[in-house]
Amino acid sequence: MTAEESWHAARLIPTSGINGAEEQERRATSALLAVMSAVREFGRALTQPLGAPTAAVQTFIEVPFELDGRKLIPDGLIRVTRGQKSWTALVEVKTGSNELQVEQLENYLDIAREFGFDAVVTISNEISPLPGQHPTPVDRKKLKKVAIHHWSWSEVLCEAVMQKEHRGVADPEQAWILGELIRYLEHPRSGAMAFEDMGQSWVPLRDAVEARTLRTTDKIAPDVILRFEALLRFAGLQLGRRLGTDVTPALSRKDLAEPQVRLSRQLAQLVADGRLSGGIRIPDTVGTLHVTADLRAGRVICGVDVEGPREGRPLTRINWLLRQLKNAPDPVRLEAFVAHGRGAGATELLGAVRVNPALLIADPHKEIRGFRVEISVQMGSKRGTGRNSFIDSVLNAVSSFYEEIVQNLKPWAATPPKIRAEAAFVPPADVPVALVSTAPSSQDGPDLQAPPAVPEQEVHADEAAPVAHEVPVDA
């Protein structure tokens, strides 16, 4: 190695010299807020969903305030002003494994209310299990006039990558600055970590599920369920960064409006079947990507439901799916659903169906209306990351299933109807026009050929029709 090859490039936001959590938080806060102010598109992408107007973003760090004789210093402040309208938010930042503190957040909510600010924005490695839900519960009375919002560092990094690589930044120098922030946040020493822990409740819950001793009243279950929801959100953020699109949790309006109802449903399923389940939506794909962690079987299952063709024989519809799965691995599981059918349909592995597609036909007289495509992989058991970890087994399953299966599937589209040629309405040449009594009609079917003529039967002499006798007339 030559001397020049060992030189390190100068970085706009260096990771060297970070000593301790306090320095890590201060540097991450300053770097993020400075880039939000410098790169217009990035600043607006983060603040507009929170209610800020479309305008230049001003940012400040460590702004001091007094509350009830106490001096409080939030990590930062964001202000966006357009004309007479101004939006201001206090910022609280945590890095590494540090968690947000309820008392600190409620103090900042009081400051924001007293000074007429609009919101408090928190940033940490905690990931909310549901969109719009804050990971730290605060007194709801303090939210009457001030909103509280949360960004995970994964969300911030995802937004930065999507803005630079997919949506674009008009100014080349601003694009470079945003790239330096991305480079910094991706560095292990920045403190902007990925999802790395299922929590202290993971191991006792896993053991209780295997022993079938888990009860709905056990306090360890809700914590793991919420962390699994957060893990699926993180999986969607990772996938969205690679695809350049917004990948979101597959939640209904009722799920968003009543998170406790969804939590109770998940808890009942976990106790009864030992399963955690959820899904993510990827724009322009055939359907929701479902994810199930079967803790009893030790498997992670990823699947997608595909609506089948609306025409053709059952074998034709199966071959339509097989053509799209030509590069998929043989262990992929296929299931065919028939119209008005209840329960499970005919199911078989892809390798066997390739040899004999009829294996998916349970009843040749019933119409196949759709398919389910699934993979099942070994589930990790450790609570953290790395070899044999639950988190990595889920993330790898989601990524590989999308890459090998989902991105290659296209929805069925009917063949457009064709206009019938005018020649089909022309009468035969040997028929005089005056004798043609019909004209083209909307009731004509596609087959406009005249019905075949009935051949005349030969008449034998002994089968000739009798001749009527003449009646003599009297003279």
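# A guided tour, starting at Pro-53

Start by selecting Pro-53, which sits in the loop between H2 and strand E1 (57–61). The model you have open is predicted: local features need pLDDT of at least 70, side-chain atom pairs count only at pLDDT 80 or more, and totals for chains, interfaces and linings use all residues. Residues are numbered from 1 along each chain as its sequence is written, and side-chain values use heavy atoms, with hydrogens and water left out. The helix and strand labels are DSSP runs numbered from the N terminus (helices are H or I, at least four residues; strands are E, at least two).

**Stop 1: around Pro-53**

Pro-53 has 9% relative accessibility and counts as buried. Buried means under 20% relative accessible area, exposed means over 50%, and partly exposed is in between (1.4 Å probe, protein chains only). Now add Thr-81: the C-alpha atoms of Pro-53 and Thr-81 are 7.0 Å apart, with their positions 28 residues apart in sequence. Leaving aside neighbours within four places in sequence, Pro-53 is in contact with Gln-48, Val-80, Arg-82, Lys-85 and Trp-87; contact means heavy atoms within 4.5 Å.

**Stop 2: helix H2**

Select residues 40–47, which form helix H2. Which residues of H2 are buried? They are Phe-42, Gly-43, Leu-46 and Thr-47. Look down the axis of H2: its buried residues fall within an arc of 120 degrees, so they line one face of the helix. That arc is taken from the directions from the helix axis to the C-beta atoms.

**Stop 3: His-134**

Next, pick His-134, found in the loop between strand E6 (119–124) and strand E7 (147–152). His-134 is buried, at a relative accessible area of 15%. Show its side chain together with that of Thr-122, and you will find a polar contact of 2.8 Å joining the two. A polar contact is a pair of N or O atoms within 3.5 Å; within protein, one must be able to donate a hydrogen and the other to accept it, and residues adjacent in sequence count only if both atoms are side-chain atoms. Then turn to Thr-136, whose backbone nitrogen lies 3.0 Å from a polar atom of the His-134 side chain. Beyond neighbours within four places in sequence, His-134 is in contact with Leu-100, Leu-105, Thr-122, Ser-128, Ile-148, His-149 and His-150.

**Stop 4: the aromatic rings**

How many aromatic pairs does the structure hold? There are six. Rings of Phe, Tyr and Trp (its six-membered ring) pair if their centres lie within 6.5 Å; planes under 30 degrees apart count as stacked, over 60 as edge-to-face and the rest as tilted.

Select Phe-115 and Phe-117: their ring centres are 5.9 Å apart and their planes are at 25 degrees, so this pair is stacked. Phe-115 is partly exposed at 41% relative accessible area, whereas Phe-117 is buried at 10%. Add Phe-65 to complete the view, as ring pairs link Phe-65, Phe-115 and Phe-117 into a cluster.

Now move to Phe-228 and Phe-390, with ring centres 6.4 Å apart and planes at 40 degrees, so the pair is tilted. Phe-228 lies in helix H7 (residues 220–243) and Phe-390 in helix H12 (residues 390–404), so the pair ties together parts that are 162 residues apart in sequence. Both count as buried, Phe-228 at 0% relative accessibility and Phe-390 at 0%.

**Stop 5: the nonpolar cores**

Phe-390 also leads to the largest nonpolar core, of 62 residues: Leu-289, Val-291, Leu-325, Leu-334, Val-373 and Phe-390 touch the most other members. A nonpolar core is a set of buried Ala, Val, Leu, Ile, Met, Phe, Trp, Tyr and Cys residues joined through side-chain atoms within 4.5 Å. The largest share of this core, ten residues, comes from H7. Apart from this core lies another, of 38 residues, including Val-57, Ala-119, Ala-175 and Tyr-184.

**Stop 6: two positive phi angles**

Finish in two loops. Most residues other than glycine have a negative phi. Arg-212, in the loop between helix H6 (202–211) and H7, has a positive phi near 60 degrees and is exposed at 62% relative accessible area. Asp-284, in the loop between strand E9 (275–281) and strand E10 (289–294), has a positive phi of about 65 degrees and is exposed at 83%.
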